[in-house]
Amino acid sequence: MTSKNEYPPEITPASPPISSTASLNLDDTYDAYKRAQGVEIDAQEAKSVLRKIDKRIVPILFVTYLLQYLDKNGINYASVYGLQKATKLYGQDYSWLGSIFYFGYLFAQYPSGYLMQRLPIGKFLGAATLGWGIILMTTPACKNFAGIAANRFLLGALEATVNPGFVLIMSMWYTSGEQPLRLEAYYCTNGIATMFGGLIGYAIGHIKGGLPRWMYVFLIFGSCSIACGIAILVFLPDLPSTAKFLTEHERGIAVDRVAGNRQGVKNRHFKKYQAWQTVKDPKTWILFVMATGAQIPNSALTSFTSIIVGSFGFDTLGTQYLQIPGGAVQFLSLLAGGFICTHWPRNSRCITMIVANTICIIGAALLVGLPASNKWGRLVALWLCYFQGLGFSMSLTIVSSNIAGYTKKQLTGAALFTGYCVGNIIGPQTFKDSEKPGYKSAYIAMLIGYCVKLAMCIVLYIYMYSVNKKRDREAAAGVNAPLTEKEEREAVEAGMHDVTEIDNKGFRYIL
């Protein structure tokens with residue numbers, strides 16, 4: 001067994017030492033990684049592999065994320081076509097449907113994270129997508145609050161796999177610098193879904209006869225998700241090292257590219273010491289509070305959008321097509337943010353989050369302050385709040401790019417999405433039936449949530465910046481010697497042995 005003292009101080013873990021024979025530490029793609037060592041990789045060849053990965057991975061993520069956003073927000077489009085009356089919803093019942101989805105999401109968060117580590121991730125995500133499509137198509141059978149509440153809980157539990165799973169996929173297939181644009185390429189479907197969903201809602205409003213119109217929302221979205229789940233099972237690979245759409249040589253290149261992140265690719269073994277590191281890491285709790293603050297306003301942009309726009313004084317069809325500009329704001333801001341963070345990858349992510357969140361604060365403040373008679377001003381204020389998607393998506397890149405150790409990465413992601421669930425559970429309850437159509441408490445809660453998130457963005461930036469500077473000072477002072485080319489290789493090797501970013505002192509956070 002290799003001695004711990006043989007490794008340079010920069011990558012010496014506080015946890016169990018690296019061992020070339022310890023199968024628990026070896027990355028699942030380690031054999032492919034070792035085969036790629038010593039093989040000269042042409043830059044054009046690497047670009048060709050990246051293009052092949054993009055063509056296979058990004059479209060699957062794009063379509064799946066589009067559908068999961070439409071599916072979970074189906075009640076928003078159905079709400080103006082008689083959903084509440086048909087399912088006998090009264091008082092706060094509709095608000096509770098928004099919260100119950102995230103109770104299911106929260107319930108499944110840690111079990112699904114564990115299963116994604118232990119099982120083939122492509123097959124797991126495909127089965128989950130197929131399952132929630134089936135659940136969605138059963139929604140028209142619900143005749144009361146209890147039935148539709150159980151339906152929403154199960155839908156949330158199955159959709160809990162998507163966000164954390166896609167964050168892990170980003171870190172498995174792309175370098176840290178490539179991740180923001182790819183992540184925004186699928187996350188921007190939130191904006192597309194808002195526009196597309198508004199158009200579908202508008203079209204469903206013109207259906208005459210047949211089933212009640214609210215049922216068509218769930219039948220259309222559910223059937224699309226079932227088809228998508230089958231496609232994922234067939235086409236989404238589980239690992240770069242086993243991807244059938246790449247040649248054996250290209251698989252080695254795919255693994256070698258990602259190994260340079262010093263995070264490894266995937267390790268199926270759960271590590272207790274990494275779980276404890278996650279609990280003690282300040283980033284975990286900063287991301288948790290950040291996500292909670294960010295998602296308290298989310299229900300205003302999802303489950304309650306049609307109701308809010310209607311409360312401004314627009315007619316039923318107007319509540320559908322006037323959501324389209326908000327979706328456009330979200331779509332364009334996400335792509336712009338992804339472009340900025342890809343071209344200036346090391347120091348722009350937290351700044352992008354701060355700018356996006358400041359715009360959201362302005363929008364929420366206008367919703368609180370503008371008089372009810374200024375319906376167009378309030379509508380524009382609501383559209384400004386759609387910048388929140390950019391801020392939240394950037395926090396996902398913090399997990400995919402700045403957390404190493406696979407157990408620690410999936411648990412940090414689970415902690416972030418626990419905050420995501422808490423915020424989304426709280427948010428719908430701020431829409432009090434007794435306050436309609438003004439919903440003053442909801443708009444104040446949105447403003448508070450955005451302010452909390454902004455504060456946490458700044459704290460996270462300061463923390464990661466200070467850790468980077470401390471490690472730089474230690475290196476300059478000789479406490480840790482600057483990494484030589486050999487030590488750089490060993491730092492990558494440490495990542496392939498599942499060493500965390502806390503243990504690897506050569507690791508630097510991408511801000």
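How are α6 and α7 oriented to each other, parallel or antiparallel? Let's work through it together, keeping in mind that what you have in front of you is a predicted model.

Start with the two helices themselves. Helix α6 covers residues 121-137 and helix α7 covers residues 145-159. Their axes come within 9 Å and cross at roughly 165°. An angle over 145 degrees counts as roughly antiparallel, and α6 and α7 are therefore roughly antiparallel to each other. If you turn the model to look at how one helix lies over the other, the crossing of α6 and α7 is left-handed. On the α6 side, the residues to pick out are Ala128, Gly131, Trp132, Ile135 and Leu136. They meet Asn151, Leu154, Leu155, Leu158 and Glu159 of α7. Sorted by class, this contact has 7 nonpolar, 2 polar and 1 charged residues.

Now stay with α6 and look at another of its partners, α2. These helices pack at an angle of about 30°, and their axes are 11 Å apart. Angles under 35 degrees count as roughly parallel, so α2 and α6 are roughly parallel to each other. Their crossing is left-handed. Here Thr64, Gln68 and Asp71 from α2 meet Thr129, Trp132 and Leu136 from α6. The residues of this contact divide into 2 nonpolar, 3 polar and 1 charged. Trp132 and Leu136 are worth highlighting on your screen: they meet residues of α7, and they also meet residues of α2.

Helix α2 leads us on to the enclosed spaces. A search of the whole structure finds 4 cavities of 30 Å³ or more. The largest cavity has a volume of about 140 Å³. It is lined by 15 residues, and the closest to its centre are Tyr69, Tyr187, Asn190, Gln295 and Asn298. Two elements give two or more residues to this lining, namely α2 (43-72) and α20 (388-402). The largest share, 4 residues, comes from α2. As for chemistry, the lining of the largest cavity holds 6 nonpolar, 8 polar and 1 charged residues.

The second largest cavity takes us to other helices. It contains about 80 Å³ of space. There are 13 residues in its lining, and Pro164, Leu168, Gln410, Gly413 and Ala414 lie nearest its centre. At least two lining residues each come from α5 (93-118), α8 (162-173) and α21 (406-429). Of these, α21 gives the most, with 5 residues. By class, the lining of the second largest cavity has 7 nonpolar, 5 polar and 1 charged residues.

Finally, let's turn from the cavities to the pockets. Which residues lie nearest the centre of the largest pocket? To find the spot, select Gln84, Ile307, Asp433, Lys436 and Tyr439, which belong to a lining of 16 residues. The space in the largest pocket is about 320 Å³. Its lining divides into 8 nonpolar, 6 polar and 2 charged residues. Asp433 and Lys436 are among the residues nearest the centre, and both Asp and Lys count as charged.

To retrace the route, α6 runs roughly antiparallel to α7 and roughly parallel to α2, while α2 in turn gives 4 residues to the lining of the largest cavity.

Definitions and conventions:
Residues numbered from 1 in each chain as written. Predicted model: local features only at pLDDT ≥ 70, side-chain atom pairs only at ≥ 80, totals over all residues. Heavy atoms only, no water. 1 Å grid on protein atoms, 1.4 Å probe; cavity = no way out; pocket = protein on both sides within 12 Å on 5 of 7 lines; lining within 4 Å. Points joined across faces, edges and corners; volume = space filled by probe spheres on them. Axes fitted to C-alpha atoms, helices over the stretch in contact; angles between N-to-C directions. Parallel < 35°, antiparallel > 145°, perpendicular 65-115°, else oblique. Left-handed = near helix turned anticlockwise from the far one by under 90°. Contact = heavy atoms within 4.5 Å.
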